[in-house]
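This report considers the fold, the confidence, the nonpolar core, the aromatic pairs and a surface patch, in that order. The sequence and the structure are shown below.

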Amino acid sequence: MFYNWPLFPALVTGLLFALHHSRCLGCLLDNRAFAWTAKLSYGIYLWHMVVLELLVRHWPTSLADSLSGRVAYVSVAVAITYSLAAASFYCVGQPVMLWLKRRGEAKRAISTHGSDRRSSEPGFA
């Protein structure tokens with residue numbers, strides 16, 4: 001497969017290095033699709049192997065031999081992976097992050113309010 005080719009990691013590394021130092025590449029890649037992929041990246045990381053394993057087990061072997069079958073395989077894998085990553089981000093990740101943020105704000109409000117109250121009561125220095 002293409003990913004086992006030793007030049008592929010070198011090309012990706014070179015692209016990432018050039019991206020850091022190039023304004024043109026940064027402008028090309030600074031768009032909503034890449035921003036959304038960045039937002040879902042952890043979910044994509046978590047789900048991609050599950051999706052690939054299920055597709056390997058259930059994908060018809062007759063489609064795996066043709067170019068159109070491979071394109072379909074990759075398209076289905078990407079679509080399912082992005083769908084699961086988006087669902088897990090918006091249904092689990094984002095609500096948990098909001099809950100933790102509110103919880104942290106509530107704790108800060110209680111600790112700030114409690115310290116002000118104690119200092120105003122008699123007997124507290």
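## Fold and confidence

The chain contains five helices and zero strands. Along the sequence, the pattern of elements is therefore written α-α-α-α-α. Burial is recorded for 10% of the 125 residues of the chain.

The model is predicted. Its mean pLDDT over the chain is 82, and 85% of the residues reach 70 or more. Among the elements, helix H3 has the highest mean pLDDT, at 92, whereas helix H4, covering residues 61–64, has the lowest, at 73.

## Nonpolar core

The largest nonpolar core consists of five residues: Leu40, Ile44, Ala85, Ala86 and Phe89. Helices H3 and H5 each supply at least two residues of this core. The greatest contribution comes from H5, which provides three residues. As a general point, nonpolar side chains in soluble globular proteins tend to be buried together.

## Aromatic pairs

The structure holds four aromatic pairs. One of them joins Trp36 and Tyr82 in a tilted arrangement, with the ring centres 5.7 Å apart and an angle of 35° between the planes. Trp36 belongs to helix H3 (residues 32–58) and Tyr82 to helix H5, so this pair ties together parts that are 46 residues apart in sequence. Trp36 counts as partly exposed because its relative accessibility is 34%. Tyr82 is also partly exposed, with a relative accessible area of 24%, a value that falls between the limits of 20% for buried and 50% for exposed.

A further tilted pair is formed by Tyr42 and Tyr45, for which the centre-to-centre distance is 6.2 Å and the angle between the planes is 35°. These two residues are three positions apart in helix H3, so about one helical turn separates them. Tyr42 is exposed, with a relative accessible area of 57%, and Tyr45 is likewise exposed, at 56%. Both values are relevant because exposed means over 50% relative accessible area.

## Nonpolar surface patch

Which residues make the nonpolar surface patch of about 390 Å²? The patch is made by Val92, Val96, Trp99 and Leu100. Val96 is located in helix H5, which spans residues 67–120.

Is Val96 to be classed as buried, partly exposed or exposed? With a relative accessibility of 41%, Val96 counts as partly exposed. The patch criterion requires over 30% relative accessible area, so the 41% of Val96 is consistent with its place in the patch.

## Helix H5 in review

Several of the features above involve helix H5. This helix gives three residues to the largest nonpolar core, holds Tyr82 of the pair with Trp36, and includes Val96 of the surface patch.

Note on methods: Residues are numbered from 1 along each chain as its sequence is written. This is a predicted model: local features need pLDDT of at least 70, side-chain atom pairs count only at pLDDT 80 or more; totals for chains, interfaces and linings use all residues. Side-chain values use heavy atoms; hydrogens and water are left out. Patches are made of residues with over 30% relative accessible area and no salt bridge: like charges are joined within 9 Å, nonpolar side chains (Val, Leu, Ile, Met, Phe, Trp, Tyr) within 5 Å. Accessible areas come from the Shrake-Rupley method with a 1.4 Å probe; for residues, only the protein chains shown count as cover. A salt bridge is a side-chain nitrogen of Lys or Arg within 4 Å of a carboxyl oxygen of Asp or Glu. Helices (H or I, at least four residues) and strands (E, at least two) are DSSP runs, numbered from the N terminus. Buried means under 20% relative accessible area, exposed over 50%, partly exposed in between (1.4 Å probe, protein chains only). Rings of Phe, Tyr and Trp (its six-membered ring) pair if their centres lie within 6.5 Å; planes under 30 degrees apart count as stacked, over 60 as edge-to-face and the rest as tilted. pLDDT is the predictor's confidence in each residue, from 0 to 100. A nonpolar core is a set of buried Ala, Val, Leu, Ile, Met, Phe, Trp, Tyr and Cys residues joined through side-chain atoms within 4.5 Å.
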